[in-house]
Amino acid sequence: MSISRQLVVRRDGRRVLSFTLKEGACSIGRSPENDLVLPDTAVSPRHAEMRVEATAAVSLQHPTLQVETSAAILIDLDSEAGTFVAGERLLSQQPRTMEHGDVIAIGPYELQFRAVAQERADVVAVSDAPAAVIELDLPRETYEEPSGGPPRPASRYMRYLPVIFHDDDFLTRFLQLFESVWEPLEQRQNHIEIYLDAATCPADWLPWLASWFGVELEEHWPEARKRALLVRVIDVYRWRGTAYGLERVIEACVGARPRIEIAPDSPFVFRVAVRQPHRATPHFEHDLNTIIAAHKPAHAGYTLEILP
């Protein structure tokens with residue numbers, strides 16, 4: 001027997017898809033470059049990684065049989081919201097061995113890990129656990145293909161050809177050349193909305209999105225600050241030139257809420273007071289002056305006070 005490992009993905013209690021894990025690393029995250037894409041702002045661009053490591057050996061009890069030992073390992077990749085298994089948050093970069101039935105929580109998604117036994121004539125699947133704990137008679141469930149029928153072709157494009165061509169090794173490898181080029185483009189097209197959302201697009205796309213609104217992003221700004229500004233850019237322009245709008249843009253750009261006052265005797269002067277955050281960058285004061293000058297009314301002046 002061999003073990004087929006799958007992740008059953010659910011959201012709000014409804015099953016979204018079933019993903020079959022192969023040997024090696026499987027990346028999980030929000031961006032389309034991942035093997036398993038979970039499009040939600042609560043999921044980091046590269047959130048976690050699942051590794052299936054398999055080894056083969058000869059059984060001492062049955063020398064003629066091949067023994068397969070393998071493990072599925074989950075690793076959190078410094079995700080912002082965290083990766084949880086059975087309600088316990090994983091430490092970053094610390095591997096966690098998965099067991100059949102474990103539930104992984106990533107943002108609003110629940111990923112149930114399942115190990116499904118598959119019969120093979122020349123293979124016996126075992127684990128490193130004591131013999132009394134080994135459970136070879138696992139539930140026989142199929143999530144992607146019905147039982148029976150031809151084996152799944154190595155190239156996805158083979159499914160569009162008659163069955164008689166599925167055993168043609170040359171044709172399979174020939175189609176894989178085109179698939180290797182078009183598959184990433186198809187995946188990007190299927191998730192194009194991710195690239196047009198400031199909360200989920202790749203980081204190097206942020207300046208391009210900002211150019212749509214005439215917003216200039218400072219290179220030294222952290223990625224989170226750039227995204228926060230672009231997510232609120234419509235409200236920023238709606239209230240531009242007002243004290244409320246100036247508060248919102250300062251809060252989005254520097255992460256600190258300012259206090260803005262207009263003295264009755266000086267109606268054309270904004271008095272802006274901002275409390276300096278604990279982790280303020282060396283460009284904090286420069287950024288504030290640049291933001292205020294760009295978003296204040298053109299006819300008004302301002303004074304800036306940075307509170308300790």
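1. Secondary structure. The chain, taken here from a predicted model, holds seven helices and 15 strands.

2. Burial and surface. Of the chain's 308 residues, 38% are classed as buried. The accessible surface is about 18,600 Å², and carbon and sulfur atoms contribute 54% of that area.

3. Contacts along the chain. Among contacts with a separation of 6 or more, 48% join residues that lie 24 or more positions apart.

4. Cysteines. The disulfide count is zero. Cys26 has a relative accessibility of 5%, so this residue counts as buried. Cys201 is at 1% relative accessible area and is therefore buried too; the cut-off for buried is under 20%.

5. Length of helix 6. This helix covers residues 243-254. Its 12 residues, at 1.5 Å a residue, should span 16 Å, and the C-alpha atoms at its ends are 16 Å apart, so the two values agree. The expected span is 1.5 Å times one less than the number of residues.

6. Burial of helix 6. How many residues of helix 6 are buried? Nine of the 12 are, and the helix is mostly covered. The buried residues include the charged-name positions Glu247 and Arg248, along with Gly245, Leu246, Val249, Ile250, Ala252, Cys253 and Val254.

7. Cover over helix 6. The elements covering these buried residues include three helices by name: helix 4 (223-231), helix 5 (233-238) and helix 7 (284-295). Strand 13 (259-261) and strand 14 (269-275) are also among them.

8. End of helix 6. Gly255 follows helix 6 and has a positive phi, near 75°.

Technical notes
Residues numbered from 1 in each chain as written. Predicted model: local features only at pLDDT ≥ 70, side-chain atom pairs only at ≥ 80, totals over all residues. Heavy atoms only, no water. Helix = DSSP H or I, 4+ residues; strand = E, 2+ residues; numbered from the N terminus. Buried < 20%, exposed > 50% of the residue type's maximum accessible area, 1.4 Å probe, protein only. Contact = heavy atoms within 4.5 Å. Areas by Shrake-Rupley, 256 points an atom, 1.4 Å probe, with all protein chains shown as cover. Disulfide = S-S within 2.5 Å.
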